[in-house]
Amino acid sequence: MNDQELLEAFSDYQRAAGLAPNTIRSRQSALRAFARRQNVALLDATIRDLRRDLGRQTISPATRAAMRAIFIAFFNYLQVDRLRNDNPTESLPYVRVPPKRPRPYTQAQIDLLLTTGAYKRTRAMILLAAYQGLRVSEIAAVHSGDVDLRSGTLKVTGKGGRTDYLPLHSVIESLASTMPTGWWFPARRGHDGHIRGRSVSDLLRLARQRAGISDTTLTGHSLRHAFGTELVRGGANIRAVQELMRHESLQTTQLYAQVLDDDRRAALAVLPSRSVPVRSGR
């Protein structure tokens, strides 16, 4: 069985388990890239191949952990289908990922994104992230049928195929009347369906550049961070924020509750000022 046949069979297995199309597609892409990097057939990969790939110095801990999880899922499947007797992932080391602090856009920066020449659909993407906290893959898949103006809800299918019905913000309610029936962001060049999350990321990156915002750590996901940060800063209940962000763990949401840098600077500013003494006064 060649790599293509193997990945198709793995995809069938994942679809039967109810995994989201984006998850299946990203796993396929990651496994193909691994096979190219290590110059190995997937079915023949050894523990050394896996360790060598995870040990690349150019990847972040989060990427290393994600790739490890993909390896585990894939080789577990190979054992289920009796395509391999051994499972090399059993000898992979645990990857520790330090918690990341949110990197949100400021409200002034969001204003810049919206007012410096971004096209209508890009502005709609910005608003969906900033007012509903959607991820780029979720923005790409918004359909007019997901918006229920009567109940005031937005249906969102997110990570792992989980579906939630979020309360609709009034800004997005107004936006809905300006968007097309069907996919809000349809694929182009005659393709069916909607655009991909990567396209949303690219458009949001271009909007940042057009707005003259030089901080390259700000991404499309930073708009989601801004959503969570503003909720916490505004005094929203942390459990409600967890539900709106659709975090599995409250611990993830609590990262947004950490005091922000500008708040810490403001706190220091309340201390009385004094000159540095030159002499002790003895």
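Let's start with a single residue: leucine 255 counts as buried, because its relative accessibility is 19% and the cut-off for buried is under 20%. Keep in mind as we go that this is a predicted model. Leucine 255 sits in a loop, with helix H12 (250-254) on one side and helix H13 (261-268) on the other. What does leucine 255 touch, not counting residues up to four places away in sequence? The answer is Pro99, Lys100 and Pro102. You can also look across to threonine 229: leucine 255 and threonine 229 are 26 residues apart in sequence, yet their C-alpha atoms are 9.2 Å apart in space.

Pro102 turns up again if you move to histidine 225, which is in contact with Pro102, Arg103, Pro104 and Tyr256 once its neighbours within four places in sequence are left aside. Histidine 225 belongs to helix H10, which covers residues 220-233. Is histidine 225 buried or exposed? With a relative accessible area of 16%, histidine 225 is buried, since anything under 20% gets that label.

Now step back and take in the whole chain. The protein chain has 282 residues, and 38% of them are buried. Its secondary structure comes to 13 helices and 3 strands. Measure out the C-alpha trace along its principal axes and you get a span of about 80 × 65 × 35 Å. Sequence separation is worth a look too: among contacts in the protein chain with a separation of 6 or more, 62% are between residues 24 or more positions apart.

The domain assignment splits things up as domain 1 (3-81) and domain 2 (107-270). Taken over C-alpha atoms, the centres of domain 1 and domain 2 are 29 Å from each other. How many residues of domain 1 are in contact with domain 2? There are 5, and they meet 5 residues of domain 2. Between them, the two domains bury about 320 Å², with 45% of that on carbon and sulfur atoms. On the domain 1 side, the residues that lose the most area to domain 2 are Ala20, Asn22 and Arg25, which together make up 78% of what that side buries.

What kinds of links cross from domain 1 to domain 2? Salt bridges between domain 1 and domain 2 come to 0. Residue pairs in polar contact across this interface, with both residues at pLDDT 80 or more, also come to 0. Sorted by class, the side of domain 1 that touches domain 2 has 1 nonpolar, 3 polar and 1 charged residues.

Finally, two loop residues deserve a stop for their backbone angles. Asparagine 39 lies in the loop between helix H2 (21-38) and helix H3 (47-54). Its phi is near 50°, a positive value in a residue other than glycine. Asparagine 39 is exposed, because its relative accessible area is 72% and exposed means over 50%.

The other stop is arginine 246, found in the loop between helix H11 (238-245) and H12. Arginine 246 is not a glycine either, but its phi is positive, at about 60°. Where asparagine 39 is exposed, arginine 246 counts as buried, because its relative accessibility is 5%.

Notes. Residues are numbered from 1 along each chain as its sequence is written. This is a predicted model: local features need pLDDT of at least 70, side-chain atom pairs count only at pLDDT 80 or more; totals for chains, interfaces and linings use all residues. Side-chain values use heavy atoms; hydrogens and water are left out. Domain bounds come from an automatic or database domain assignment. Contact means heavy atoms within 4.5 Å. Buried area is the accessible area (1.4 Å probe) that two parts lose on being put together, summed over both. A salt bridge is a side-chain nitrogen of Lys or Arg within 4 Å of a carboxyl oxygen of Asp or Glu. A polar contact is a pair of N or O atoms within 3.5 Å; within protein, one must be able to donate a hydrogen and the other to accept it, and residues adjacent in sequence count only if both atoms are side-chain atoms. Ala, Val, Leu, Ile, Met, Phe, Trp, Tyr, Cys and Pro count as nonpolar, Asp, Glu, Lys and Arg as charged, and the others, Gly among them, as polar. Helices (H or I, at least four residues) and strands (E, at least two) are DSSP runs, numbered from the N terminus. Buried means under 20% relative accessible area, exposed over 50%, partly exposed in between (1.4 Å probe, protein chains only).
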